[in-house]
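Take a moment with the sequence and the 3D view before reading on. Try to trace the chain from one end to the other.

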Amino acid sequence: MAGEIVRSASAKHRDDDDFVQPHALYETVMTQTGREHLVTNIVNHVNGGVTAEVLPRVIEHWRSVHPDLGARVAKGVNGG
């Protein structure tokens with residue numbers, strides 16, 4: 001066996017983004033029914049215990065995944 005094994009952190013790339021894969025999942029992989037279930041689950045969890053001061057950050061997080069998802073979550077937690 002030749003070569004040296006090195007353990008090091010991976011280098012960040014300019015295009016690295018934590019939301020690329022969840023965006024693609026929501027937009028291109030999930031069915032409309034799957035999207036509805038996801039929104040329902042998120043809204044139920046948020047309504048079950050997220051404080052008012054944290055709520056804007058939660059909504060912004062889901063908007064970062066996909067604008068439609070964030071809007072639907074916001075609508076659901078604000079009483080529809």
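What follows is a walk from the whole chain down to single residues.

Keep one thing in mind: this is a predicted model. The protein has 4 helices and 0 strands. Along the sequence, the pattern reads α-α-α-α.

Now look at the overall size. The C-alpha atoms fill a box of roughly 60 × 30 × 25 Å along the principal axes. A compact globule of 80 residues would have a radius of gyration near 12 Å, but this protein has 18 Å. Of the 80 residues, 21% count as buried. The protein exposes about 6,400 Å², and carbon and sulfur atoms supply 53% of that area. How far apart in sequence are the partners in its contacts? Take the contacts between residues at least 6 apart in sequence: 58% of them join residues at least 24 apart.

Turn to helix H2, which covers residues 32-47. Its length can be checked. At 1.5 Å a residue, the 16 residues of H2 should span 22 Å, counting one step less than the number of residues. The end C-alpha atoms are 22 Å apart, which agrees.

Which residues of H2 are buried? They are Gly 34, Arg 35, Val 39, Ile 42, Val 43 and Val 46. These buried residues cover an arc of only 165° around the axis, which puts them on the same side of H2. There is a general rule to recall here. An α-helix has 3.6 residues a turn, so residues three or four places apart point the same way. On the other side of H2, Asn 44 and His 45 are exposed. What covers the buried residues of H2? The cover includes H1, H3 and H4.

Helix H3 can be read in the same manner. H3 runs over residues 55-65, and its buried residues are Leu 55, Val 58, Ile 59 and Val 65. They cover an arc of only 110° around the axis, which puts them on the same side of H3. Pro 56 and Arg 57 are exposed on the other side of H3. The cover over the buried residues of H3 includes helix H1 (20-29), helix H2 (32-47) and helix H4 (67-77).

Next comes the nonpolar core. The largest one has 13 residues. Which of them touch the most other members? They are Ile 42, Val 46, Leu 55, Ile 59, Leu 69, Val 73 and Val 77. The elements that give two or more residues to this core are H2, H3 and H4.

Pick out Val 73 from that list. Leave aside its neighbours within four places in sequence. Val 73 is then in contact with Val 39, Ile 42, Val 43 and Trp 62. Val 39, Ile 42 and Val 43 are among the buried residues of H2.

Leu 55 is another core member to follow. This residue is found in helix H3. Is Leu 55 buried or exposed? Its relative accessibility is 19%, and the cut-off for buried is under 20%, so Leu 55 counts as buried. Outside its neighbours within four places in sequence, Leu 55 is in contact with Val 46, Val 50, Val 77 and Asn 78. Leu 55 and Val 77 are 22 residues apart in sequence, and their C-alpha atoms are 8.8 Å apart in space.

One of those partners, Asn 78, sits in the segment after H4. At 55% relative accessibility, Asn 78 counts as exposed, because the cut-off for exposed is over 50%. Beyond its neighbours within four places in sequence, Asn 78 is in contact with Leu 55 and Ile 59. Asn 78 and Asn 47 are 31 residues apart in sequence, yet 9.2 Å apart in space, C-alpha to C-alpha.

Last stop: the loop between H3 and H4. His 66 lies there. At 11% relative accessibility, His 66 counts as buried. What does His 66 touch? Not counting residues up to four places away in sequence, His 66 touches His 23, Tyr 26 and Glu 27.

Key:
Residues numbered from 1 in each chain as written. Predicted model: local features only at pLDDT ≥ 70, side-chain atom pairs only at ≥ 80, totals over all residues. Heavy atoms only, no water. Buried < 20%, exposed > 50% of the residue type's maximum accessible area, 1.4 Å probe, protein only. Arc of directions from axis to C-beta. Contact = heavy atoms within 4.5 Å. Core = buried A, V, L, I, M, F, W, Y, C linked by side-chain atoms within 4.5 Å. Rg over C-alpha atoms; globule rule 2.2 N^0.38 Å. Areas by Shrake-Rupley, 256 points an atom, 1.4 Å probe, with all protein chains shown as cover.
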